[in-house]
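This report walks through one protein chain, beginning with a single helix and moving on to charged pairs and the chain as a whole. Please keep the sequence and the 3D view at hand while reading.

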Amino acid sequence: MGGELLPPGEAGPDDVVLAWEGADVVAVRLPQLADSLDRILAALERRHGRPLADLDRKSKQEAVRSLEARGAFAVRHGVETVAGALGVSRFTIYNYLNREKGR
């Protein structure tokens, strides 16, 4: 997920501090959701061995299904980010999503 471990004294308000037997041991800084989406897209590219924009339509539809299952479209500008990575329009992404809901 891309979290970062920090000394407890460096924890910010959004970090999670983990304690062991009453003593703070480590702080975990979780990445922003948008950063996670970029990591997920990069992992999909590695899995396919080429840029996502070079995939055929069926593979792009499968990628959208996978991304939806992972919450990619709950992220602000998620549709736009995915559309850019796949080399399609936002409208196409919405069509892929609606097609799945119709099944």
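In this predicted model, the buried residues of helix α2 are Ser 59, Lys 60, Gln 61, Ala 63, Val 64 and Leu 67. The list includes Lys 60, which counts as buried here under a cut-off of 20% relative accessible area. Helix α2 itself covers residues 57-69, and its 13 residues reach 19 Å from the first C-alpha to the last, which is close to the 18 Å expected at 1.5 Å a residue. After α2 comes Gly 71, a residue with a positive phi near 85°.

**Charged pairs**

Side chains of opposite charge can pair when their charged atoms come close. The count of salt bridges in this model comes to two, and the table sets out both pairs with the distance between their closest N and O atoms.

| Pair | Closest N and O atoms |
|---|---|
| Asp 15 and Arg 29 | 2.8 Å |
| Arg 90 and Glu 80 | 3.7 Å |

In the pair of Asp 15 and Arg 29, the closest N and O atoms are 2.8 Å apart. Because Asp 15 lies in the loop between β1 (4-6) and β2 (16-20), while Arg 29 belongs to strand β3 (residues 23-29), the pair ties together parts that are 14 residues apart in sequence. How buried or exposed are the two partners, Asp 15 and Arg 29? Asp 15 counts as buried, with a relative accessibility of 13%, whereas Arg 29 is partly exposed at 32%.

The second pair in the table joins Arg 90 to Glu 80, with the closest N and O atoms 3.7 Å apart. This pair links distant parts of the chain, since Arg 90 sits in helix α4 (residues 90-102) and Glu 80 in helix α3 (residues 78-86), 10 residues apart. Arg 90 is partly exposed at 44% relative accessibility, and Glu 80, at 35%, also counts as partly exposed.

**The chain as a whole**

The elements named above belong to a chain with four helices and three strands, which run from the N terminus in the order β-β-β-α-α-α-α. Of the 103 residues in the chain, 27% are buried, and the accessible surface comes to about 6900 Å², of which carbon and sulfur atoms hold 51%. Among contacts with a separation of 6 or more, 43% are between residues 24 or more positions apart.

Terms used. Residues are numbered from 1 along each chain as its sequence is written. This is a predicted model: local features need pLDDT of at least 70, side-chain atom pairs count only at pLDDT 80 or more; totals for chains, interfaces and linings use all residues. Side-chain values use heavy atoms; hydrogens and water are left out. Helices (H or I, at least four residues) and strands (E, at least two) are DSSP runs, numbered from the N terminus. Buried means under 20% relative accessible area, exposed over 50%, partly exposed in between (1.4 Å probe, protein chains only). Contact means heavy atoms within 4.5 Å. Accessible areas come from the Shrake-Rupley method with a 1.4 Å probe; for residues, only the protein chains shown count as cover. The expected span of a helix is 1.5 Å times one less than its number of residues. A salt bridge is a side-chain nitrogen of Lys or Arg within 4 Å of a carboxyl oxygen of Asp or Glu.
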